[in-house]
Structures are given as C-alpha cells and as structure tokens.
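Me: I should like to learn how to read a model of this kind. Could we take one feature after another?

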Amino acid sequence: MPETVRDTVILGSGCAGLTAAIYAARSNLKPLVLEGHEPGGQLSITTLVENFPGWPEGIQGPELIENMRKQASRFGAEFRLGHLVKADLSKHPFELDLGSEKIRTRTLIIASGASARWLGLPSEQALIGHGVSSCATCDGFFFSGKDIAVVGGGDSAMEEALFLTRFCTRVTLLHRRDQFRASRIMLDRAMAHPKIEFLTNVTIEEVLGVDEKEVKGVRLRDNVTGEESTLPISGLFLGIGHEPNAKMFAGQLDLDEDGYIRTHDYVFTRVPGVYACGDVQDRRYRQAITAAGSGCMAALEVEKYLEEHGR
Ligand code: NAP
C-alpha cells in the first residue's frame with residue numbers, strides 16, 4: 001500500500017479534467033491528472049474550435065488542450081500517462097489501481113469523458129479531421145455549400161442532420177435499417193426537411209478519399225439487395241451515439257440506463273468526495289465550454305470538501 005495520500009486525483013485530461021486541474025492546482029492541492037486512454041479527450045481530435053469564448057479567430061482543438069495543460073502544469077498539476085484499472089470507493093481514502101501502481105486519494109474528480117462511437121473502418125479513421133467528424137456543432141460550419149452525409153437512426157443523427165442543413169446544400173441520412181430509434185418528432189422534422197434525403201438499409205463499406213486526404217464519397221452496400229453504390233459527398237458525420245467512459249464505476253456510483261454517471265447539484269455523485277464532470281455525466285450539452293465549466297465546479301467542491309474535513 002502506498003504511503004502518501006493525495007488530496008485529489010483527476011481522471012481524464014480533456015476540457016473538464018484540465019479545467020479541474022487548473023483550479024485544484026491554483027488551490028495548492030497538487031492534483032494528479034491521469035491522462036486516460038485518449039489524452040486530451042475529444043478536442044484533441046477536433047480541428048478548428050470556433051465557439052470557445054476568447055478566441056475570436058478560433059483555435060485548433062489540440063492547441064487549446066495544450067494551452068490548458070500548460071496552464072495547469074504552471075500551478076503544479078502533475079500528469080501521468082495511464083488509466084484506471086479499478087477503483088475502490090468503499091474505502092476512504094479511495095484506492096485507485098493503475099495496474100502498475102496503487103494510489104490513495106481523499107477526493108476524486110471523474111472527468112473520463114465519453115467517446116464517440118465510430119464505424120471502425122480504416123478509411124473512416126484515416127479521414128477523421130479531414131471530412132469525417134463526430135461533432136456537427138464543432139465542424140458543420142466548414143461544410144458550407146457542400147453535400148454531406150450523416151450516419152445513424154437515433155435522435156443524435158436527426159439532430160445533426162437538421163443542424164447541418166444550415167450550412168450544407170444536401171444532407172443524406174444513412175441508416176442501416178428502415179426502423180428508427182429517433183423520437184417521432186425528430187424523425188418527422190428530419191423527414192419533412194427539403195434538404196434532407198434518407199437512404200435506409202445501407203451499410204458504409206468504405207469512406208473514399210484517403211489518398212487525397214479529404215472525403216470524396218462513401219461506398220455503400222444495400223443490406224437487402226447486396227448491391228453496391230457510391231455516394232459523392234464532402235463530409236461524413238457520425239451520429240451513432242457516444243459511450244461514456246464510466247463502466248469501471250458500475251456498482252459503486254449511480255449510472256443511468258446508457259451508462260452516464262448520475263450527478264446531483266451539478267457534479268456530486270452518491271459518494272461524498274467523488275465528483276463527476278464533463279461528458280461522462282453530461283449527455284445533454286457535451287460542449288467544450290460546458291465541460292470546462294463543470295470541471296471548475298468539481299474542483300471548487302473538492303476544495304470545500306477538504307476544508308470541511310480538516311485539510
Ligand atoms: P441511439 O439512440 O443509441 O442511436 C444510435 C443509432 O446509431 C441507431 O440508429 C443505431 O442503429 C445506429 N448505430 C449504432 N452503431 C452503428 C454502427 N456501427 N453502424 C451503423 N449504425 C449504427 O443513440 P443517440 O442517437 O446518440 O441517442 C442517445 C440518447 O440520447 C437517446 O436516448 C436519445 O433520445 C438522446 N438524445 C436526445 C436528443 C434530443 O432530444 N434532442 C438528441 C440526441 C440524443 P440501430 O437502430 O440499427 O441500432
């Protein structure tokens with residue numbers, strides 16, 4: 001068992017985790033940030049971020065994250081590559097097992113985010129940031145006057161498709177079945193929109209444009225007839241859902257039906273001293289700025305908790 005007990009450990013190094021780290025470090029709590037599976041979180045795979053206040057010309061996602069990281073380091077935050085294997089929140093201090101070492105901490109900020117679901121095609125992965133995106137709010141603007149496609153049959157896909165009609169000439173909604181999970185109202189709205197076309201019972205076999213480093217189209221297979229076709233597009237948006245990175249807390253914290261950590265009063269979990277912020281507990285807004293805001297709240301609550309417990 002390790003000798004030292006940390007005041008706070010932050011799981012995740014996206015917008016929420018890094019903002020929590022800046023606040024906790026400035027409070028002299030010497031936070032340890034475990035960077036997780038995707039250091040920098042979703043922003044690190046985004047291109048230009050134009051809606052983060054304070055950057056009138058926009059800023060590249062990786063640069064924004066790097067700046068936050070430097071800011072946290074400047075005040076004494078410590079960073080460690082690696083991720084949590086197991087946590088025991090029934091003991092206090094909490095015990096975190098990183099595989100190679102164990103850490104004890106008085107408080108824990110869970111900012112492990114949510115990962116966009118991808119189709120998993122090599123061509124799709126190669127073109128992320130070059131026409132393939134999982135965030136219409138972030139990247140829609142870059143497709144002004146272009147034809148694009150959205151994949152999925154749930155509310156996320158409908159919402160993305162409707163949002164993208166503001167910029168794009170034509171939005172083709174690609175779905176693998178002809179039944180939809182989307183709510184009736186969202187589906188009706190999308191179906192009634194003159195710029196949205198539906199192509200159902202199709203599977204994307206390949207995203208075209210890897211050599212040119214920009215999306216040129218998609219190769220589709222009809223799931224009923226087996227026929228192949230090509231749809232020329234300039235952008236492909238994934239709307240097939242997100243997976244919150246909270247599985248390791250099942251049984252110890254309350255998770256909702258889709259696996260997001262349930263919080264009350266913004267960032268409180270059911271275990272005193274454990275806070276959750278950012279996309280791991282927010283299925284509604286999922287924006288960099290809202291994640292940053294809740295990271296700040298979590299760090300302020302940590303400070304208050306430690307103070308109330310005599311630190
Ligand atoms: P979802 O309801 O789980 O829908 C995911 C969709 O993606 C499904 O149609 C699914 O197809 C498809 N899909 C999943 N994996 C796929 C793959 N590998 N290849 C092709 N298609 C795939 O997820 P969501 O749309 O993100 O919604 C999640 C929750 O958030 C829902 O409760 C939703 O109501 C809510 N939400 C609400 C709003 C709103 O009200 N404004 C907006 C967004 C989300 P199948 O149907 O064939 O499985």
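Reply: Certainly. Helices and strands are DSSP runs, numbered from the N terminus. The model is predicted. In this model, Gln287 sits in the loop that links strand S19 (274-276) with helix H7 (288-308).

Me: Is Gln287 buried, partly exposed or exposed?

Reply: Buried means under 20% relative accessible area and exposed means over 50%, with partly exposed in between. Gln287 has a relative accessible area of 22%, so this residue counts as partly exposed.

Me: Which residues is Gln287 in contact with, leaving aside its neighbours within four places in sequence?

Reply: Gln287 is in contact with Asn51 and Thr137. Closer along the chain, a polar atom of the Gln287 side chain lies 2.9 Å from the backbone oxygen of Tyr285. Tyr275 is twelve residues away along the chain from Gln287, and the C-alpha atoms of the two are separated by 19 Å.

Me: How should the strands of a sheet be read?

Reply: Strands of a sheet pair through backbone hydrogen bonds, in either a parallel or an antiparallel manner. Here, three strands form an open sheet in the order S14-S15-S16, and their pairing is antiparallel.

Me: Which strands stand at the edges?

Reply: Strands S14 (202-208) and S16 (228-232) do; each has a single partner strand, so one side of each is left without a neighbour in the sheet. On average, neighbouring strands of this sheet are turned by 30° against each other, direction ignored.

Me: How many bridges join S14 to S15?

Reply: Six bridges join S14 to strand S15 (residues 217-222), and the two run antiparallel. One bridge partnership links Glu206 with Arg219 in S15.

Conventions:
Residues numbered from 1 in each chain as written. Predicted model: local features only at pLDDT ≥ 70, side-chain atom pairs only at ≥ 80, totals over all residues. Heavy atoms only, no water. Pairing = 2+ DSSP bridges. Helix = DSSP H or I, 4+ residues; strand = E, 2+ residues; numbered from the N terminus. Axes fitted to C-alpha atoms, helices over the stretch in contact; angles between N-to-C directions. Buried < 20%, exposed > 50% of the residue type's maximum accessible area, 1.4 Å probe, protein only. Contact = heavy atoms within 4.5 Å. Polar contact = N/O pair within 3.5 Å; in protein donor to acceptor, adjacent residues only side chain to side chain.
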